[in-house]
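Student: Could we go through this structure together, one question at a time, with the reasoning spelled out before each result?

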Amino acid sequence: MPLLAIASGKGGVGKTTCAVNLCAAFRELGHDPVLLDADSGGDATWLLGFRSADTALDALRGRKDLTAAVSSTTEGIRLLASSPRLIELETADVNVLAERLRRLSDRDLIVADLPPGFSPAVTRAAILAATTIVVPIIPEPLAERHARHVLDAAEALGSTATILALAVMVDKRRVLTGAVLATAQEGGLDLVGAIPRSVAVPESGNEGVSVLRYAPASAAAAAYRDVAPRILQTLTALVR
Ligand SMILES: Nc1ncnc2c1ncn2[C@@H]1O[C@H](COP(=O)(O)OP(=O)(O)O)[C@@H](O)[C@H]1O
Ligand SMILES: [Mg+2]
């Protein structure tokens with residue numbers, strides 16, 4: 001049941017970017033993940049060059065099997081695409097959704113890009129069913145608080161997931177960066193790595209591909225490659 005959920009209490013912290021680029025990095029390592037766009041805003045769907053489709057909704061409703069629901073993107077990353085209709089699941093039963101997610105991740109590595117916050121049922125279900133949760137943190141004063149909210153939500157839901165913090169948009173020239181990351185670690189957050197701030201990241205999104213494809217030699221691509229095996233390690237026992 002390898003389900004990787006990318007979660008945060010906050011929007012704009014790099015969740016979707018992490019989901020897309022981790023999928024690209026896992027593919028380079030020989031895996032074939034399915035990106036589940038669980039955000040009705042559909043940013044991951046858009047970033048992979050798709051517009052809108054109900055494949056994530058169908059899969060979460062248990063209506064189609066995974067092969068029927070998956071669309072292949074330009075880069076080859078398999079995608080369960082989002083549409084605004086995903087809000088229909090907002091009040092669905094968390095345990096039922098968690099069971100569907102477990103079933104989806106029975107044979108495939110699923111990477112779920114979640115909306116911000118913990119209200120949508122699909123977010124709580126993904127936190128509950130996840131094998132591993134990656135929490136992107138921007139080196140900003142409130143980052144540690146926002147990461148802690150994920151730990152609290154996971155505990156409240158009874159999730160057994162391994163929770164890893166991933167520093168993103170890191171600017172080593174800023175004194176604050178070191179201070180925030182040190183605080184995060186002192187607070188017991190398991191920091192799995194750091195992705196530098198790079199203009200290649202938003203540029204890659206414009207092209208509908210990952211930064212690993214768009215700028216393979218960039219520092220950001222290298223950082224995603226560096227961190228991917230460590231994240232996989234927490235999932236691999238389960239990845240075939
Ligand atoms: N390493 C990075 N360098 C530069 N910009 C980044 C980086 N990671 C994310 N971003 C930018 O930050 C913004 C928010 O990222 P996004 O992944 O959409 O966050 P979320 O899914 O948490 O709302 C986007 O404009 C994205 O391009
Ligand atoms: Mg997002």
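Student: In what order do the strands of the open sheet lie?

Tutor: The model is a predicted one, and its open sheet comprises eight strands with mixed pairing. β3 (71–72) and β8 (191–196) each have a single partner strand and stand at the edges, so one side of each is left without a neighbour in the sheet. Read from one edge to the other, the order is β3-β4-β2-β5-β1-β6-β7-β8.

Student: How many bridges join β6 to β7, and which residue stands opposite Ile137?

Tutor: Strand β6 covers residues 132–137 and runs parallel to β7, with six bridges joining the two. The residue in β7 that stands opposite Ile137 is Ala167.

Student: At what angle does helix α11 run to β8?

Tutor: Helix α11, formed by residues 219–236, lies across β1 (3–6), β6, β7 and β8. Angles here are taken between N-to-C directions on a scale from 0 to 180 degrees. For α11 and β8 the value is about 160 degrees.

Student: Which residues come nearest to ligand 1?

Tutor: The shell around ligand 1 divides into seven nonpolar, eight polar and three charged residues. At least two shell residues are supplied by each of α1 (15–28), β7 (162–170) and α9 (200–206). Of the 18 residues around the ligand, those that come nearest are Lys15, Thr16, Thr17, Val201 and Pro202.

Student: What percentage of the residues of the protein chain count as buried?

Tutor: A residue counts as buried if 20 or more other C-beta atoms lie within 10 Å of its own. Of the 240 residues of the protein chain, the share that meets this criterion is 52%.

Terms used:
Residues numbered from 1 in each chain as written. Chains lettered and ligands numbered in written order. Predicted model: local features only at pLDDT ≥ 70, side-chain atom pairs only at ≥ 80, totals over all residues. Buried ≥ 20, exposed ≤ 12 C-beta atoms within 10 Å, placed from the backbone. Near = placed C-beta within 6 Å. Helix = DSSP H or I, 4+ residues; strand = E, 2+ residues; numbered from the N terminus. Nonpolar A, V, L, I, M, F, W, Y, C, P; charged D, E, K, R; others polar. Pairing = 2+ DSSP bridges. Contact = placed C-beta atoms within 7 Å.
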